[in-house]
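Hi,

Here is the structure I promised to pass on to you. Please have it open while you read, and my notes follow just below it.

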Amino acid sequence: MGNKAGGGFPPGTVPLDFNGLKLSSLEFLMASKKGKGKSKSNQSGSPPHNGGDGNQSGRTGHQAAADQSDEVAIDATRDVSSYSGAGVNAPAGESSIRGDQVDVKRRRMLVSGASVVGGLGAVALVAPMVASMSPSEKAKAAGAPVEADISKLEPGQRLTVEWRGKPVWILNRTPDALGSLETLTDSLSDPSSEVDQQPEYARNETRSIKPEILVMVGICTHLGCSPTYRPEVAAADLGADWLGGFFCPCHGSRFDFAGRVYAGMPAPTNLEVPPHKYLSETVILVGVDSEEGVAA
Ligand code: FES
């Protein structure tokens with residue numbers, strides 16, 4: 001000790017005595033510069049080294065300064081990481097790093113989810129529009145010709161089929177009903193069916209292909225009501241001169257057994273005879289003309 005305290009110091013340095021601990025002035029300056037956190041070193045549990053020779057004291061001072069320097073560096077890293085959230089090398093900042101990583105992942109997931117939902121929504125909006133642009137099977141079926149089996153249709157009975165969304169009546173007229181047609185000529189608005197409300201092959205007194213079978217659209221030509229079938233002669237609500245036919249209760253229009261409108265009625269024209277033809281003696285195809293093919 002005496003050697004280092006007396007002649008062991010480099011020339012030009014002044015030995016300093018700190019309560020028996022001798023340090024050169026240069027070592028003291030280095031230790032003082034690095035070891036500003038002496039109190040922190042004490043907090044870490046390292047006992048102060050007040051004894052030993054000068055060499056030990058010098059190493060102890062360097063070690064203490066180095067330990068304190070590491071502590072400060074770690075603390076600084078923690079502080080910076082906690083504030084910046086981007087300290088890749090700071091263990092203490094991992095929690096904040098994970099938080100940012102989770103936020104980024106969540107943000108990406110939300111953006112991706114929103115994109116998928118938006119895409120599905122666009123498809124959901126566009127798909128019905130595209131579908132509506134093409135005719136559906138139902139629409140095609142609604143415009144297709146309709147077959148009607150009249151094999152069981154007795155005289156006086158009426159059969160109704162739907163064609164293009166409209167009721168089509170098929171009436172098996174009795175001899176009396178056919179006979180009444182001849183007597184009403186002067187009471188009708190258009191007895192010869194001059195207005196185009198029937199195909200040419202139905203422009204006759206019975207307005208039909210076969211005299212006893214009437215095929216007719218059951219919609220009033222006034223405002224579109226569906227007239228009622230009133231075959232009874234001199235019905236109480238229709239008067240003693242009623243010979244049977246069709247009556248529209250909406251505004252009182254009257255039609256005979258051929259769908260011809262009485263004069264002075266709200267309905268302006270006779271009822272419509274649709275295109276039709278016979279596939280056999282007992283099967284009628286409604287919607288197809290006898291001569292011209294499928295109706296326009
Ligand atoms: S709708 Fe038939 S008379 Fe008016």
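A good place to start is Ile170, which stands opposite Val215 in strand 6. Please bear in mind throughout that this is a predicted model.

That residue pair belongs to a longer match: strand 5 and strand 6 are antiparallel partners, and five bridges link them. Strand 5 spans 166–172, while strand 6 covers 213–217. Of the five residues in strand 6, four are buried, so the strand is mostly covered; the cut-off here is 20 or more other C-beta atoms within 10 Å.

Both Ile170 and Val215 turn up again in the largest nonpolar core, which has 26 residues. They are among the residues with the most contacts inside this core, together with Val168, Leu214 and Met216. Which elements give two or more residues to this core? They are strand 5, helix 7, strand 6, strand 8 and strand 11.

Met216 deserves a look of its own. If you set aside its neighbours within four places in sequence, Met216 is in contact with Trp169, Gly259, Leu271, Glu272 and Val273.

Now for the chain as a whole. It holds seven helices and 13 strands. Of its 296 residues, 21% are buried. Taking the contacts with a separation of 6 or more, 51% are between residues 24 or more positions apart.

Two of the sheets are worth describing, and strands 8 and 11, named above as contributors to the core, appear in them.

The sheet with strand 11 is open, has three strands in the order 3-11-10, and pairs them antiparallel. Its edges are strand 3 (146–149) and strand 10 (276–278), each of which pairs on one side only. On average, neighbouring strands in this sheet are turned by 25° against each other, direction ignored. Strand 10 is joined to strand 11 (residues 283–286) by three bridges, and the two run antiparallel. If you want a residue pair to click on, Tyr278 has Ile284 in strand 11 as its bridge partner.

The sheet with strand 8 is also an open one of three strands with antiparallel pairing, and its order is 7-8-9. Here the edge strands are strand 7 (228–230) and strand 9 (253–255), and each pairs on one side only. The twist from one strand to the next averages 25°. Three bridges connect strand 8 (residues 245–248) with strand 9, again in the antiparallel sense. The residue pair to look for is Phe246 with its bridge partner Phe255 in strand 9.

Finally, two arginines have backbone angles that you may want to check. Arg164 is not a glycine, yet its phi is positive, at about 55°. You will find Arg164 in the loop between strand 4 (158–163) and strand 5 (166–172). Arg207 also has a positive phi, near 55°, without being a glycine. Its place is in the loop between helix 7 (175–181) and strand 6 (213–217).

Is each of these arginines buried, partly exposed or exposed, and why? Arg164 is partly exposed, because it has 15 other C-beta atoms within 10 Å, and that count lies between the limits of 12 or fewer for exposed and 20 or more for buried. Arg207 has 23 other C-beta atoms within 10 Å and is therefore buried.

Over to you, and enjoy looking around!

Best wishes

Methods:
Residues are numbered from 1 along each chain as its sequence is written. This is a predicted model: local features need pLDDT of at least 70, side-chain atom pairs count only at pLDDT 80 or more; totals for chains, interfaces and linings use all residues. Two strands pair if DSSP finds at least two bridges between them. Axes are lines fitted to C-alpha atoms, for helices over the stretch in contact, and angles run from 0 to 180 degrees between N-to-C directions. Two residues are in contact if their C-beta atoms, placed from the backbone, lie within 7 Å. A nonpolar core is a set of buried Ala, Val, Leu, Ile, Met, Phe, Trp, Tyr and Cys residues joined through C-beta atoms within 7 Å.
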